[in-house]
Amino acid sequence: MAEGLEVAVTDFRCYWNNVRHHTEEISIDRLLVRRGQDFNIILYFRNRGFQLGLDNIVFVVETGPLPDLAKGTRAMFSLQGRDGPSPWTALLETNGATSLEVRLCAPPMAAVGRYVLKIHVDSFQGSTRAYQLGEFILFFNPWCPGDPVYLDSEPQRQEYVVNDYGFIYQGNKNWIRPCPWNYGQFEEKIIDICLELLDKSLHFQIDPATDCALRGSPVYISRVVCAMINSNDDNGVLNGNWSENFMDGVNPAEWTGSVAILKQWHTTGCQPVRYGQCWVFAAVMCTVMRCLGIPTRVVTNFDSGHDTDGNLIIDEYYDNTGRILENKKKDTVWNFHVWNECWMARTDLPPGFGGWQVLDATPQETSNGLYCCGPASVRAIKEGEVDLNYDTPFAFSMVNADCMSWLVYRGTEQRLHRDTSTVGNMISTKSIQGDERDDITENYKYEEGTPQERQVFLKALQKLNAGKSLGPHRADSQAGPVSLSQGSPRSSGASSLRTADIQISLKFRLLDPPYMGQDINFVLLALNMSSQFKDLKVNLSAQSLLHDGSPLPPFWQDVVFITLTSEEAKTHRCTIPYSQYSQYLSTDKLIRISALGEEKNTPGKILVDKIITLAYPSIMINVLGAAVVNQPLSIQVIFSNPLEEQVEDCVLTMEGSGLFKKQLRVLIGVLKPHHKASITLKTVPFKSGQRQIQANLRSNKFKDIKGYRNIYVDFGL
């Protein structure tokens with residue numbers, strides 16, 4: 001009688017499998033495979049070879065703490081599919097003298113995560129032996145047509161899943177600045193931290209069996225991750241901070257990558273990392289989603305609405321000097337706001353609403369009791385289908401709310417203007433396999449000023465108002481003569497905010513590029529558009545803004561009297577010295593200048609503002625010589641102090657996936673006024689291909705002088 005078959009050792013063929021599953025960047029020493037795609041293992045036997053008809057091998061895969069056949073977190077399937085209806089398969093590849101190569105495949109809807117692989121070996125009339133072969137990790141598979149995250153373009157898969165660096169766009173719509181970022185989704189330990197993040201979620205803590213069973217759904221996973229990136233409900237990754245006090249943590253502007261943040265969260269026992277703002281939340285979420293295998297990109301919306309009361313109107317309040325006031329309703333227009341788009345099918349929605357989905361990890365409003373937002377279909381946002389899951393009304397308001405301006409004077413509120421085009425401009429993301437900026441505004445909204453855009457807005461408003469009465473501002477917003485200019489006053493300096501009975505144009509124009517450390521020189525242009533004489537009083541002011549639209553107190557004010565004859569134009573030159581604005585500047589380096597014009601003996605008023613983003617000189621990075629894997633490489637870094645004063649506590653940080661094993665910190669100390677310095681560093685690249693170095697210089701006076709350099713690393717011999 002044949003003796004029972006005994007397994008001696010198993011070869012998971014990690015390198016061979018991982019290369020084919022696009023996971024070799026993570027590791028070649030662990031089995032990391034994608035669902036819906038075959039992977040091979042070899043069983044080596046101690047006593048004899050596998051005999052068809054005599055031996056039966058049943059494979060068992062289990063994930064989560066409570067594996068369950070009914071929930072799909074446990075599966076049993078035999079070689080050649082002999083025992084049952086399991087969607088997992090095992091096919092005989094080659095049968096050697098004392099070995100057996102088997103091709104396994106997880107279904108394209110299987111739960112992602114860490115699995116244990118076991119087998120039961122049953123020989124005819126012999127005993128059954130059970131073996132635990134080892135662990136593997138299962139990922140989403142954008143290369144598999146059966147997977148809901150399938151993306152049918154290889155360049156897009158390379159950009160949105162494989163690329164481990166990118167740019168996050170900041171500044172304002174007239175001065176868009178790319179901020180380099182190291183996503184590092186394939187760096188050491190990141191996949192383990194991502195799985196730990198899933199296990200720390202409230203969903204897992206409350207009901208681990210159901211949570212693990214739902215991990216096959218990208219819609220579910222994206223909501224779990226979105227809630228876990230912020231720490232408002234749980235021990236999430238990041239604490240948000242929109243004050244100017246970061247003494248007990250890191251100023252969000254200083255971060256240059258996600259890896260240091262995720263590793264700090266892990267090593268401190270999952271204590272939230274201090275601090276993040278919108279671009280940091282989005283960048284870390286991009287890392288986690290790309291690591292898990294869901295195509296993801298980071299998107300910036302300039303002049304982004306935050307509508308707290310769901311009426312698609314952002315109310316902004318000004319005093320009689322043109323100063324923007326703290327909003328009592330907390331409606332705001334963020335100078336820019338950053339979120340993610342993730343690619344997935346939406347079988348939970350009507351046909352046509354799959355593809356890119358908005359996910360916003362910045363904690364603004366709750367969704368089903370947790371601070372997360374999305375996934376909201378980008379197409380649903382464009383078409384005003386705000387009744388579709390998830391959080392589509394809030395996402396719609398970020399790109400297409402109307403803006404209502406109110407003048408607050410002596411306890412009364414006078415409506416200045418309703419602007420239909422202020423919110424949602426220059427929606428930006430990094431281009432595919434390039435460093436250029438792609439404008440994707442048309443994905444979110446029809447062109448401003450077109451009938452289609454207004455029809456969609458009114459459709460969305462109708463859906464939101466269905467079954468509930470209009471609030472006072474909603475009803476009032478349709479009444480009275482209001483100038484509906486198509487220009488946006490927010491950053492352009494256009495004269496859009498005027499009451500209907502004044503025929504004056506005011507506009508700001510910068511005379512020089514606004515560099516940090518230099519005086520700000522600009523002119524106010526006044527034009528009489530009527531044939532009547534005009535006698536104007538203009539209140540000028542300047543105040544710092546935080547990027548979320550929160551105003552700081554004014555630090556400069558002036559009053560100008562301008563007389564204009566029929567159709568006359570005049571200019572008034574203004575200078576704000578660096579010595580005056582430097583001590584009031586926020587980390588965001590945003591200054592809002594405003595002018596409120598009043599015509600003598602008439603109630604007419606006109607408000608114009610302009611947002612200025614002050615620029616720093618970039619860090620220069622030079623690569624000295626050819627970059628080759630496992631060969632020392634010298635990197636020269638050139639930086640300067642842009643200010644006319646000495647700065648202290650200077651620290652240079654550098655990172656780059658595949659180039660530095662961990663973030664490098666160099667203490668620079670003191671930099672004299674306008675002093676230029678250079679240092680040369682050495683590193684040993686450990687991954688080949690296209691790479692990026694990211695650098696940041698901070699001091700006691702500035703926090704985020706950035707620089708980057710793309711570099712190609714040869715594999716060598």
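How many residue pairs are in polar contact between domain 1 and domain 2? In this predicted model, the count is 4, with both residues of each pair at pLDDT 80 or more. Below is a quick tour of that interface and of the annotated active site.

**Where domain 1 meets domain 2**
- The domain assignment places domain 1 at 7-139 and domain 2 at 154-459, followed by domain 3 (504-613) and domain 4 (620-713).
- Taken over C-alpha atoms, the centres of domain 1 and domain 2 are 39 Å apart, and their contact draws on 18 residues from domain 1 and 19 residues from domain 2.
- About 1,600 Å² is buried between these two domains, with 64% of it on carbon and sulfur atoms.
- On the domain 1 side, Ile-26, Lys-71 and Val-112 lose the most area to domain 2, together making up 28% of what that side buries.
- There are 2 salt bridges between domain 1 and domain 2.
- Strands β8 (113-123) and β9 (128-139) each supply at least two residues of the domain 1 side that touches domain 2.

**The annotated active site**
- An unreviewed UniProt entry annotates Cys-278, His-337 and Asp-360 as "active site"; they span 83 residues in sequence, yet no two of their C-alpha atoms are more than 9.6 Å apart, so they gather at one spot.
- His-337 sits in strand β16 (residues 332-344) and is buried, at 1% relative accessible area; the residues it touches include Cys-278, Asp-360 and Met-398.
- Asp-360 belongs to the loop between β17 (355-359) and β18 (376-377) and is buried too, at 0% relative accessibility.
- The side chains of Asp-360 and His-337 make a polar contact at 2.7 Å, and Asp-360 also touches other residues, among them Cys-226, Trp-339 and Met-398.

Note on methods: Residues are numbered from 1 along each chain as its sequence is written. This is a predicted model: local features need pLDDT of at least 70, side-chain atom pairs count only at pLDDT 80 or more; totals for chains, interfaces and linings use all residues. Side-chain values use heavy atoms; hydrogens and water are left out. UniProt positions are given in the numbering used here, feature names are shortened, and annotations may be inferred rather than shown by experiment. Helices (H or I, at least four residues) and strands (E, at least two) are DSSP runs, numbered from the N terminus. Buried means under 20% relative accessible area, exposed over 50%, partly exposed in between (1.4 Å probe, protein chains only). Contact means heavy atoms within 4.5 Å. A polar contact is a pair of N or O atoms within 3.5 Å; within protein, one must be able to donate a hydrogen and the other to accept it, and residues adjacent in sequence count only if both atoms are side-chain atoms. Domain bounds come from an automatic or database domain assignment. Buried area is the accessible area (1.4 Å probe) that two parts lose on being put together, summed over both. A salt bridge is a side-chain nitrogen of Lys or Arg within 4 Å of a carboxyl oxygen of Asp or Glu. Lists of a residue's contacts leave out its neighbours within four places in sequence.
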